[in-house]
Amino acid sequence: MLRIATPPQRGIRSRAFNHEVPRKCTNKFAPHDSVIPLPRAEGVDCGGFPQDGVGVKRTTRTAQTGDRKGRPNKKTVPTHRKATMTTKIIFTCHEFFCDAALQEFMSVSTSLKFIKWLDVGVGLLECEVTFSEISVLFKNAKLIFLRHIFPAQYVISHKNFQKISDVQDYAFIKDFASNASKQEPFSIQLRAVRGSATHNSTEISRKIADHLKAVGYTEDKRHPENIISVFIGETNFYIGISKPGENLSIWSGGMRRYAMRDDTISRSAFKLMEALESYPIDLREGGRALDLGAAPGGWTNVLLEQGLHVVAVDTVSLDPVLLANKKVEYFNGRAHDYLKTSSKKFDIIVNDMSMNIVSSVRLVCSIKNRLGDGGHVIFTLKLKSQDKLDKIKDSLAQLGRIFDVVFVKHLSHNRSEITIILQKR
Ligand SMILES: C[S@@+](CC[C@H](N)C(=O)[O-])C[C@H]1O[C@@H](n2cnc3c(N)ncnc32)[C@H](O)[C@@H]1O
């Protein structure tokens, strides 16, 4: 059975910004003509911040009492009628996996409607439930290819965006200032369509941040409690305010970036760093790790930083710094040969070798007995363009018969591969 456990999450919940800008806004500060008309949610007052449930009418009809057998007549059962509301959502996925991302999340809810691509890997969705609701659905579905979402509560044309010279006159700023607590730090996450030179993104972002700071808010890019997301498309600005936990990733567009350090051996190291950050594993100091396909040694270095002793296996040589490290044992040869010659057990086994899906899954299944109790495997499953979602799901099902599949994601540092974390039962 495929079992996917929940990774630790930051538990931030708030629904304060869960609305669309109504079409006839009476807010005197809002640039009405700059807002693309959106269907109005029943019960939503312009300029207000409707809570979840607004627009849901509960009606109980009591005229009928039920049939002769005492079964309630349909008309006596309370009915919930959901008002028509449209939530616009900007989503992000990797350019190689746009189709897979679409296929994956369209299966989550029938209320989802894909509208269009705004850029490579950036799309616009519509649904008839709130942003918070769709965020919970996406989280529970543990989607592999969807990286990031934000609610496009404000859609403003380029022309109208430029018309406004004073930041405080934007409706989203006005709404933010009248609803967000000054105790809650904010962050601005602004992205623009690739190759666009129309707007100076840094300048726009700085202007918004400077204004909010001037009126008493604090900016905290690493630990924000409110995120103002902006996507500058070809013709419109898409702007939304939400909680980091709702966006599926706290990073802009879901892109985690690490700076190269002097001791970074390879950029591959970032993949393992991101995996361990996304799904923290309790690795005991002095524990043992096996790194299959280790050269030049980025992952080995990350494992050393976790306080582990590492057996690094590769047919090509490791970085000299690692060869000189007493906590590293280097096996110069093929992974299969190492596994035949040694019977050592490990707390964690990692594998970043290029193999097709079938060989990779077979190899990983074969190393189960090399793990200590509760031990983990982290590996990258390399995907070819012809590898469809079904094939990935079959592989996960196969792995799930042997391990607990605790994490599956296309991470920011993955290209044509996904990262999988397994735990020995
Ligand atoms: C993507 S690189 C690994 C990069 C590494 N994770 C790092 O952070 O530096 C893949 C490595 O797998 C090695 N490799 C491929 N097949 C192998 C095999 N059957 N046995 C051992 N190493 C193998 C290659 O030599 C290559 O160095």
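**Close-up 1. What lines the ligand site, by residue class.** In this predicted model, the shell around the ligand splits into nine nonpolar, seven polar and three charged residues. That shell comes to 19 residues, and the closest ones are Ser-268, Gly-293, Ala-295, Gly-298 and Asp-352. Two secondary-structure elements to pick out here are helix 7 and strand 12 (309–314), each of which supplies at least two residues of the shell.

**Close-up 2. A cis peptide bond at Ala-295 and Pro-296.** Stay with Ala-295, one of the closest residues to the ligand, and look at its link to Pro-296: the peptide bond is cis, with omega at about 0°. Pro-296 belongs to the loop that connects strand 11 (288–292) and helix 7.

**Close-up 3. Helix 6 against helix 7.** Here's the packing of helix 6 (residues 269–278) on helix 7 (residues 298–305): the angle is about 40° and the axes are 7 Å apart. That angle makes the two helices oblique to one another. The crossing of helix 6 over helix 7 is right-handed. On the helix 6 side you'll find Ala-269, Leu-272 and Met-273, and they meet Gly-298, Trp-299, Asn-301 and Val-302 of helix 7. Sorted by class, this contact has five nonpolar residues, two polar ones and no charged ones. Gly-298 also turns up in the ligand view, as one of the closest residues there.

**Close-up 4. The seven-stranded sheet.** Reading across this open sheet of seven strands gives the order 13-12-11-14-15-17-16, and the pairing is mixed. Strand 13 (328–332) and strand 16 (403–409) sit at the edges, each pairing on one side only. From one strand to the next, the twist averages 15°. Strand 12 is part of this order and also contributes at least two residues to the ligand shell.

**Close-up 5. Strand 15 beside strand 17.** Zooming in on one pair from that sheet, strand 15 (residues 371–382) and strand 17 (residues 417–424) run antiparallel and are joined by seven bridges. If you want a landmark along the pair, Leu-381 stands opposite Ile-418 of strand 17. Helix 11 (residues 389–400) lies across strand 15, strand 16 and strand 17, and its direction is at about 150° to that of strand 16.

**Close-up 6. Helix 10 alongside helix 11.** Helix 11 has a helical partner too: helix 10 (residues 357–366) packs with helix 11 at an angle of about 10°, their axes 10 Å apart. The two are therefore roughly parallel to each other. Their crossing is right-handed. Ile-357, Val-361, Val-364 and Cys-365 come from helix 10, and they meet Lys-391, Ser-395, Gln-398 and Leu-399 from helix 11. By class, that's five nonpolar residues, two polar and one charged in the contact.

**Close-up 7. The four-stranded sheet.** A second view of sheet structure shows an open sheet of four strands in the order 7-10-9-8, with mixed pairing. Strand 7 (154–157) and strand 8 (186–192) are at the edges with a single partner strand each, so one side of each has no neighbour in the sheet. Neighbouring strands are turned against each other by 15° on average, direction ignored.

**Close-up 8. Strand 8, strand 9 and the helix packed on their sheet.** Strand 8 runs parallel to strand 9 (residues 226–232), and seven bridges join the two. Within this pair, Ser-187 stands opposite Ile-227 of strand 9. Helix 4 (residues 171–179) packs on the sheet, where it touches strand 7, strand 9 and strand 10 (236–242). The direction of helix 4 makes about 10° with that of strand 10.

**Close-up 9. Lys-142 and its backbone angle.** For a last look at backbone geometry, try Lys-142: phi is positive, at about 45°, although this residue is not a glycine. Lys-142 is in the loop between helix 2 (131–141) and strand 6 (148–151).

How values were computed
Residues numbered from 1 in each chain as written. Predicted model: local features only at pLDDT ≥ 70, side-chain atom pairs only at ≥ 80, totals over all residues. Axes fitted to C-alpha atoms, helices over the stretch in contact; angles between N-to-C directions. Parallel < 35°, antiparallel > 145°, perpendicular 65-115°, else oblique. Left-handed = near helix turned anticlockwise from the far one by under 90°. Contact = placed C-beta atoms within 7 Å. Nonpolar A, V, L, I, M, F, W, Y, C, P; charged D, E, K, R; others polar. Near = placed C-beta within 6 Å. Pairing = 2+ DSSP bridges.
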